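This report describes the fold of one protein chain, beginning with its strands and going on to its aromatic side chains. Please keep the sequence and the model in view while reading.

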Amino acid sequence: MREKLLLHSCCGPCSTACVKRLCEEGDYDITVFFYNPGITETEEYEKRKENQIRFLKEWNAEHDAENQIAFAEGNYLHDRDSYFHMVRGLENEPEGGRRCAVCFTQRLSGTVKYAQEHGFPLFTTTLTVSPHKNYPLISGIAEALADQADGVEFLDMDFKKKDGFLNSTRLSKKYGLYRQNYCGCIYSKKQAEAQRKEKAVRELNKD
Ligand code: SF4
């Protein structure tokens, strides 16, 4: 019998290459679990969710019964409040710093909880497809959470391998998905905007 797998996802684009790889390499009954309370603006959250759902609808329309992917959603608004609470004092951390470790832990523990409550023996995450994210850290957090949880194991996949990130950009283009230019929280948005401004100033000063 095919094993039920909960694939934690934060956005449609990252999920594309992960869904494809899991369908090609494994024999899983996959549910995408859209859960990212670190997206701190509701409008942005809804936009990413809409693109996630649209990708899955198009994927399912193109694939046979064995490769159909289900969708589930985490508790956004309630857990966003928890996110703000948990990262208090870490607002000025750079992306990749201590705030992100807290954020990964929240997302992955929410995934483990959902897996336990809904009978998934296995979970994994699209977080590892991004070259901007620390794979050993994510994998370590997920393993530690799985060790503490009865009946749930972590499927340790470094999705950026085998050209995972490149494939996600190609597939996002194919499906016409919105690709955000910052990670998700308001702090990463501000950091990305500041970096873009600095770059523009440097370009100007070159001339
Ligand atoms: S930058 Fe991304 S991973 Fe880090 S805290 Fe913000 S949303 Fe979470």
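Which residue is the bridge partner of His8 in β4? In this predicted model, the bridge partner of His8 in β4 is Thr125, and the sections below place that pair within its surroundings.

## Overall architecture

The chain holds seven helices and five strands, and, read from the N terminus, its elements follow the order β-α-β-α-β-α-α-β-α-β-α-α. The radius of gyration is 17 Å, close to the 17 Å that the globule rule gives for 207 residues, so the chain is as compact as a globular protein of that length. Along the principal axes, the C-alpha trace of the chain spans about 60 × 35 × 30 Å.

Of the 207 residues, 49% count as buried, while the accessible surface of the chain comes to about 10700 Å², with 50% of that area belonging to carbon and sulfur atoms. When contacts between residues at least 6 apart in sequence are considered, 77% of them join residues at least 24 apart.

## Strand β1 and its two neighbours

Strand β1, which covers residues 3-9, is mostly covered, with five of its seven residues buried. It pairs in the parallel sense with strand β2 (residues 28-34) over seven bridges, and within this pairing Lys4 has Asp29 of β2 as its bridge partner. Between these two strands the chain passes through helix α1 (residues 12-25), and the resulting β-α-β crossover is right-handed.

Strand β1 is also joined to strand β4 (residues 122-125), to which it runs parallel, by four bridges. Here the bridge partner of Leu7 in β4 is Thr124, and that of His8 is Thr125.

## Strand β4 and its two faces

In a regular strand the side chains alternate between the two faces of the sheet. In β4 both faces are covered, since Leu122 and Thr124 on one side, and Phe123 and Thr125 on the other, are all buried. The bridge partners of Leu7 and His8, namely Thr124 and Thr125, therefore lie on opposite sides of β4, and both are buried.

Strand β4 further runs parallel to strand β5 (residues 153-154), to which it is joined by two bridges. In this pairing Phe123 stands opposite Phe154 of β5.

## Aromatic pairs

The count of aromatic pairs comes to nine. One of them brings together Tyr45 and Tyr76, whose ring centres are 3.6 Å apart and whose planes are at 5°, so the pair is stacked. This pair links distant parts of the chain, as Tyr45 belongs to helix α2 (residues 42-62) and Tyr76 to helix α3 (residues 76-86), with their positions 31 residues apart in sequence. Both Tyr45 and Tyr76 are buried.

The rings of Tyr114 and Phe120 have their centres 6.4 Å apart, and their planes are at 35°, so this pair is tilted. Tyr114 counts as buried because its relative accessible area is 18%, under the cut-off of 20%, and Phe120 likewise counts as buried because its relative accessibility is 6%. Tyr114 and Phe120 belong, together with Phe33 and Tyr35, to one aromatic cluster.

Definitions and conventions. Residues numbered from 1 in each chain as written. Predicted model: local features only at pLDDT ≥ 70, side-chain atom pairs only at ≥ 80, totals over all residues. Heavy atoms only, no water. Buried < 20%, exposed > 50% of the residue type's maximum accessible area, 1.4 Å probe, protein only. Pairing = 2+ DSSP bridges. Right-handed = clockwise from strand over helix to strand, strands pointing away. Rg over C-alpha atoms; globule rule 2.2 N^0.38 Å. Contact = heavy atoms within 4.5 Å. Areas by Shrake-Rupley, 256 points an atom, 1.4 Å probe, with all protein chains shown as cover. Phe/Tyr/Trp six-rings, centres within 6.5 Å; stacked < 30°, edge-to-face > 60°.
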